[in-house]
Amino acid sequence: MAKEILQIENINANDFKNEIVKDVTQALKGYATTLQNPDNEILLTREETAKMLSVSLVTLWSWTKDDIIPAYRIGNKVRYKKAEVLTALQQMNKFPAQ
């Protein structure tokens, strides 16, 4: 395991503490937003995802292979996060400006 050295100069303890508190608060706000809508963190099966998108399993596999929709392998099963599927769907439906 490599050791890393962190050297802090030209900052007093109070300013350093405030920076840490600010960053932790920001991270917690982002986490709280995720928790407010737990429905979006649901893991969907391939069949559920294909049904939600009204596409075949072959099309879903193709989109997954092309990194259009991110998938997660848990053992030998493939799962999709509902929030990421909805985000990918929105990205797919954006038309280029003319």
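This passage describes the fold of a predicted model and the place of helix H2 within it.

The protein chain contains four helices and three strands. Read from the N terminus, these elements follow the order α-β-α-α-β-β-α. The chain has 98 residues, of which 12% count as buried. Among contacts between residues at least 6 apart in sequence, 49% join residues at least 24 apart.

The largest nonpolar core is made up of nine residues, namely Ala50, Leu53, Leu60, Trp63, Ile69, Val78, Tyr80, Val85 and Ala88. Two or more residues of this core are given by each of the elements H2, H3, E3 and H4.

Helix H2 spans residues 46-53. Three of its residues, Thr49, Ala50 and Leu53, are buried. These residues lie on the same side of H2, because the arc that they cover around the axis is only 95°. The elements that cover the buried residues of H2 include strand E1 (43-44), helix H3 (57-65), strand E3 (77-81) and helix H4. After the helix comes Ser54, which has a positive phi, near 55°.

Two of the buried residues of H2 can be followed through their contacts. Thr49 has a relative accessible area of 0%, and it is therefore classed as buried. When neighbours within four places in sequence are left aside, Thr49 is in contact with Leu44, Leu60, Tyr80 and Val85. Under the same exclusion, the contacts of Leu53 are Leu60, Trp63, Ile69, Val85 and Leu89. Leu60 and Val85 thus appear among the contacts of Thr49 and also among those of Leu53. Both Leu60 and Val85 belong to the largest nonpolar core, as does Leu53 itself.

The packing of H2 against H4 was examined next. Two packed helices are described by the angle between their axes and the distance between the axes. For H2 and H4 (residues 82-92), the angle is about 35° and the axes are 12 Å apart. The crossing of H2 past H4 is right-handed. On the H2 side, the contact is formed by Thr49, Met52 and Leu53, which meet Lys82, Val85, Leu86 and Leu89 of H4. By character, the residues of this contact comprise five nonpolar, one polar and one charged.

Taken together, these results place H2 among the elements that give two or more residues to the core, with its buried residues on the same side of the helix and with H4 among the elements that cover them.

Terms used:
Residues numbered from 1 in each chain as written. Predicted model: local features only at pLDDT ≥ 70, side-chain atom pairs only at ≥ 80, totals over all residues. Heavy atoms only, no water. Axes fitted to C-alpha atoms, helices over the stretch in contact; angles between N-to-C directions. Left-handed = near helix turned anticlockwise from the far one by under 90°. Contact = heavy atoms within 4.5 Å. Nonpolar A, V, L, I, M, F, W, Y, C, P; charged D, E, K, R; others polar. Buried < 20%, exposed > 50% of the residue type's maximum accessible area, 1.4 Å probe, protein only. Arc of directions from axis to C-beta. Core = buried A, V, L, I, M, F, W, Y, C linked by side-chain atoms within 4.5 Å.
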